[in-house]
Amino acid sequence: MWQEGRRRKTWQSKTSADWNKRSAGFAKRHKDSVFVKEFLKRLPLSPAMTVLDMGCGPGTLTIPLSRKVREVTAVDFSSGMLAILAERAAKDGLDNITTRQGAWEDNWHTLGVGQYDLIIASRSLAVDDLKGALHKLRRAARGWVFIGDRVGSGPFDPAMFAAIGRPFDPGPYYIYTINILYQMGIYARLDFIDLPASRSYKTQEEAISSWSWMFNDLTAAENDKLNHHLSERLARNKKGYWYLRDEHCPSWAIISWREKT
Ligand SMILES: C[S@@+](CC[C@H](N)C(=O)[O-])C[C@H]1O[C@@H](n2cnc3c(N)ncnc32)[C@H](O)[C@@H]1O
């Protein structure tokens with residue numbers, strides 16, 4: 001059912017090259033976000049811990065985590081994301097982060113992924129073989145695993161799909177992960193992070209480019225429709241910043257369980 005749902009979804013899966021292109025924008029949008037604070041708050045951290053951050057992106061969580069634990073291994077298939085992470089770590093003088101360029105689909109043993117006290121996989125579990133990915137997490141875990149998973153449309157704003165005349169099907173999300181874990185004999189815990197409306201922009205152009213990440217294959221006509229839709233929704237606050245009326249605020253499911261050692 002997960003795989004059928006993935007085939008029906010109307011947003012395009014991103015390749016490592018797509019994520020490379022998005023790395024700088026993503027890094028800027030998500031640094032020090034409410035999501036980061038809320039995710040970190042839920043983790044059972046201790047200074048002696050080793051951590052694996054699978055699908056680490058530009059280090060949104062790796063960087064703050066590395067200040068609280070012994071070492072973090074950060075894995076991502078996007079070289080652009082890993083380059084930003086390495087730059088941030090060097091700037092902050094953090095020397096307990098090891099990066100590995102690799103994918104969920106790779107052989108983790110060959111990648112040099114070992115076993116860790118804590119594993120996180122935040123907003124990165126966009127895979128066709130979900131069961132295989134969960135098996136890999138389980139084999140690498142000798143303690144807690146925390147997954148940040150999509151709820152409903154997730155970060156995608158259905159109104160923007162409607163505006164450009166495309167149907168929207170978000171594909172399968174967290175409830176499948178919970179159920180596949182259940183089939184594996186794991187009664188995972190479930191929590192949610194509900195993000196507040198928070199974004200504001202110096203210019204209309206900045207706002208438009210911050211939302212157009214959702215589509216990587218727009219025709220010129222669709223692009224015009226999206227720009228028109230966004231400009232109608234943009235308003236100015238008292239400080240003169242632009243914000244989007246009815247901003248789409250995603251919730252994230254936080255799924256966790258403890259592997260027995
Ligand atoms: C939405 S970002 C999340 C980054 C970070 N974990 C966070 O929560 O801010 C998704 C990340 O997963 C990575 N990713 C997506 N599919 C992947 C795959 N199949 N194997 C490895 N990394 C993948 C992307 O390159 C990207 O950096």
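# Exercises on a predicted model

In this predicted model, Met54 of β1 has Val75 in β2 as its bridge partner.

**Exercise 1. Which strands does β1 join through bridges, and in which direction do they run?**

Step one starts from β2 (residues 71–76), which is joined to β1 by 5 bridges, the two strands running parallel. Step two turns to β4 (residues 116–122), where 3 bridges make the connection to β1, again with a parallel run, and where Ile119 stands opposite Leu52. Step three places these strands in an open sheet of 7 strands with mixed pairing, whose order is β3-β2-β1-β4-β5-β9-β6. The edges are formed by β3 (97–101) and β6 (189–194), each of which pairs on one side only, and the twist from one strand to the next averages 20 degrees.

**Exercise 2. Work out whether β1 is buried or exposed, and where its side chains point.**

Begin with the cut-off: a residue is buried when its relative accessible area is under 20%. By that test 5 of the 5 residues of β1 (residues 50–54) are buried, and the strand is therefore largely enclosed by the rest of the structure. Next, consider direction: in a regular strand, side chains alternate between the two faces of the sheet. Here Thr50, Leu52 and Met54 point one way, while Val51 and Asp53 point the other way, and all are buried.

**Exercise 3. Which elements supply the largest nonpolar core, and which residues have the most contacts inside it?**

The core has 30 residues, and those with the most contacts inside it are Trp104, Trp108, Leu134, Leu137, Ile147 and Trp257. At least two residues each come from β1, α6 (108–111), β4, α7 (130–140), β5, α9 and β9, and α7 gives the most, with 5 residues. Looking at Trp104 and leaving aside its neighbours within four places in sequence, one finds it in contact with several residues, including Met54, Ala121, Leu125, Val127 and Leu137. A second, separate core of 19 residues includes Leu40, Val51, Leu61 and Val69.

One contributor, helix α9 (residues 174–183), lies across β5 (141–150), β6 and β9 (251–258), and runs at about 10 degrees to β9.

**Exercise 4. Classify the ring pair of Phe35 and Phe39, then that of Tyr174 and Phe192.**

The model holds 14 aromatic pairs. For Phe35 and Phe39, the ring centres are 5.6 Å apart and the planes meet at 40 degrees; since planes under 30 degrees apart count as stacked and those over 60 as edge-to-face, this pair is tilted. Both residues belong to helix α3 (residues 34–41), where they are 4 residues apart, about one turn of the helix. Phe35 counts as buried at 1% relative accessibility, and Phe39 counts as buried at 2%.

For Tyr174 and Phe192, the centre-to-centre distance is 5.4 Å and the angle between the planes is 85 degrees, an edge-to-face arrangement. Tyr174 lies in helix α9 and Phe192 in strand β6, so the pair ties together parts that are 18 residues apart in sequence. Tyr174 is buried at 14% relative accessibility, whereas Phe192, at 31%, is partly exposed.

**Exercise 5. Over which rings does Arg123 lie?**

First, the charged end of Arg123 sits over the ring of Phe35, 3.8 Å from its centre. Second, Arg123 lies over the face of Trp252, with 5.6 Å to the ring centre.

Methods
Residues are numbered from 1 along each chain as its sequence is written. This is a predicted model: local features need pLDDT of at least 70, side-chain atom pairs count only at pLDDT 80 or more; totals for chains, interfaces and linings use all residues. Side-chain values use heavy atoms; hydrogens and water are left out. Buried means under 20% relative accessible area, exposed over 50%, partly exposed in between (1.4 Å probe, protein chains only). Two strands pair if DSSP finds at least two bridges between them. Axes are lines fitted to C-alpha atoms, for helices over the stretch in contact, and angles run from 0 to 180 degrees between N-to-C directions. Contact means heavy atoms within 4.5 Å. A nonpolar core is a set of buried Ala, Val, Leu, Ile, Met, Phe, Trp, Tyr and Cys residues joined through side-chain atoms within 4.5 Å. Rings of Phe, Tyr and Trp (its six-membered ring) pair if their centres lie within 6.5 Å; planes under 30 degrees apart count as stacked, over 60 as edge-to-face and the rest as tilted. A charge sits over a ring if NZ of Lys or CZ of Arg is within 6 Å of the ring centre and within 35 degrees of the ring normal.
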